[in-house]
Amino acid sequence: MKGLAVLLSGFVLLLSAGCKPSVKSRDITPLARKQAASLGSEADFAATLKDLRRAEGLYQKAAGLCPDEPSYWENLGIARRKLGETKGARTAYGEALAVYRENYRRDRNPADVLHQMWLLSLLGRNDEAARLLQKGRVDHPADPRIRQAADPKWLEEMRRNPGFKAIAL
């Protein structure tokens, strides 16, 4: 479990530099966003307590309220994977990937390339993740996060990590 925490902490740090929130959809009210944030926070707490069934339900509600927020989908996928619900995890990871792709098309934020790589790797689509990173290096040659992630040794180390394996499909 400590390995997963280290892996996720490193990945979050890698992504956090320059991260900006996605543009809010006009179809989602501010109240719905606040409700989803509250549900997401409660789900995070439930996951910390290892109450994965409760966390899964709360993440699902949050994702339903704010389907344009990829972290709810990603966390839903992680909860489902830990519960052994592979098909549900695949669906949730796929939804998160779609949102990050749309965010990248709109904003061209290099952090969204890294999120996509992470989700493609979780889905077992490693060749596609590697191609995406190579394209990301061409599109964002000065971004140190993409340069680091595009290193095949770094990718292999990430994929061998037991914490990553526990949530990957």
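Begin in this predicted model by selecting Arg105 and Glu102, whose side chains meet in a salt bridge with an N to O distance of 3.5 Å. Both residues belong to helix 5, where, being 3 residues apart, they are separated by about one helical turn. Colour the pair by accessibility and Arg105 comes out as exposed, with a relative accessible area of 57%, whereas Glu102 is partly exposed at 39%.

Next, stay with helix 5, which spans residues 86-107, and select Arg101 together with Glu128. These two form a salt bridge in which the closest N and O atoms are 2.8 Å apart. The pair links distant parts of the chain, since Glu128 lies in helix 7 (residues 126-139) and Arg101 in helix 5, with their positions 27 residues apart in numbering. Glu128 is partly exposed, with a relative accessible area of 25%, and Arg101 is likewise partly exposed, also with a value of 25%.

Now move along helix 7 and select Asp139 and Lys135, whose side chains meet in a salt bridge at 2.8 Å, N to O. They are 4 residues apart in helix 7, and therefore separated by about one helical turn. Asp139 is partly exposed with a relative accessible area of 28%, and Lys135 is partly exposed with 49%.

For the last selection, add Arg125 to Arg101 and Glu128: salt bridges that share partners join these three residues into one network. To place these stops in context, how many salt bridges does the model contain under the rule of a side-chain nitrogen of Lys or Arg within 4 Å of a carboxyl oxygen of Asp or Glu? The count comes to 12.

Key:
Residues are numbered from 1 along each chain as its sequence is written. This is a predicted model: local features need pLDDT of at least 70, side-chain atom pairs count only at pLDDT 80 or more; totals for chains, interfaces and linings use all residues. Side-chain values use heavy atoms; hydrogens and water are left out. Helices (H or I, at least four residues) and strands (E, at least two) are DSSP runs, numbered from the N terminus. Buried means under 20% relative accessible area, exposed over 50%, partly exposed in between (1.4 Å probe, protein chains only).
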